[in-house]
Amino acid sequence: MTGTDWADWQQSWDRQQEWYMPDREERFRVMLDMIEGLVGPKPRVLDLACGTGSITDRLLRRFPDATSTGVDLDPALLAIAEGYFDGDERVTFVTADLKDPAWAARLPHDSYDAVLTATALHWLHSEPLATLYGQVAGLVRDGGVFMNADHMIDRATPRINAAERAQRHARMDREKATGVLDWAEWWALAAKDPVLAEPTARRFEIYGEHADGDTPSAGWHADTLRSAGFGEARVVWGSPSDSLVLAVK
């Protein structure tokens, strides 16, 4: 036993993420609504680039009979996820690099009712992301779903984009003055924690500093998913900066 309060770390991560995305819970709610409507309340789910398991946590609270496989490469976030879900037989975690062509071979199942991801794949550039979508299509059963909620920027609307960014950053500045932790500050705390210090150091060896990919538009995501083998794909939720794209096999 480490004595580490994994629930506190989980909540701390959620609070930090909510500073960037105050509508984070709304996108999760819509994601789970679509799960229930399309594959039912007992899904086998792949939580792709799962981080601390935020999606899995909400999935199991709403659907107690669901099961989840979380896959990620980040040793620190996986440590929190594994500690938080310790003893829950519904949850399995796999360490894998999504840019490794053989990453899916590490999974415990060949197919899933749903593959879900949020605020994670924007660090991939378009070409490897399209490759990943093809791999995901091979993991989703017929009638199953894939959902990605992330930053999706339409570069055909530069004035709208600039106004959204200005408003978002003004809000963040106001909230920052109240003591909210940002991404860098959260990681600085993790680096000082006796249990998380070592996996945090390994995390930065793997990733370096955070860098975004191309962040293509929601239309690009939908088109690419259809090209990858999904029968339907479109936006089912959106904010001024982010979209949730749903694809049905």
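The following exercises, each with a worked solution, concern the predicted model shown above.

Residues are numbered from 1 along each chain as its sequence is written. In this predicted model, local features need pLDDT of at least 70 and side-chain atom pairs count only at pLDDT 80 or more, while totals for chains, interfaces and linings use all residues; side-chain values use heavy atoms, without hydrogens and water.

**Exercise 1.** Determine how compact the chain is in relation to a globular protein of its length.

*Solution.* Begin with the inventory: the chain has nine helices and seven strands (DSSP runs, numbered from the N terminus; helices are H or I with at least four residues, strands are E with at least two). Next, take the radius of gyration over C-alpha atoms and the globule rule as 2.2 Å times the number of residues to the power 0.38. The chain has a radius of gyration of 18 Å, close to the 18 Å given by the rule for 249 residues, so the chain is as compact as a globular protein of that length. Finally, 48% of the 249 residues are buried (under 20% relative accessible area with a 1.4 Å probe, protein chains only).

**Exercise 2.** Identify the elements that supply the largest nonpolar core.

*Solution.* A nonpolar core is a set of buried Ala, Val, Leu, Ile, Met, Phe, Trp, Tyr and Cys residues joined through side-chain atoms within 4.5 Å. The largest one has 30 residues, and those with the most contacts inside it include Leu46, Trp103 and Phe146. At least two residues each come from strands E1 (44–48), E4 (112–118), E5 (140–151) and E7 (242–248) and from helices H5 (126–139) and H9 (218–228). Helix H5 gives the largest share, six residues. A second, separate core of 28 residues includes Leu60, Ala114, Val145 and Met147.

**Exercise 3.** Describe how helices H7 and H8 are arranged and which residues join them.

*Solution.* Axes are lines fitted to C-alpha atoms over the stretch in contact, with angles from 0 to 180 degrees between N-to-C directions. The axes of H7 (residues 183–192) and H8 (residues 197–207) come within 7 Å and cross at roughly 130°. Angles under 35 degrees count as roughly parallel, over 145 as roughly antiparallel, 65 to 115 as roughly perpendicular and the rest as oblique; H7 and H8 are therefore oblique to each other. The contact (heavy atoms within 4.5 Å) involves Trp183, Trp187, Ala190 and Ala191 of H7, together with Ala197, Thr200, Arg203 and Phe204 of H8.

Note on methods
Buried < 20%, exposed > 50% of the residue type's maximum accessible area, 1.4 Å probe, protein only.
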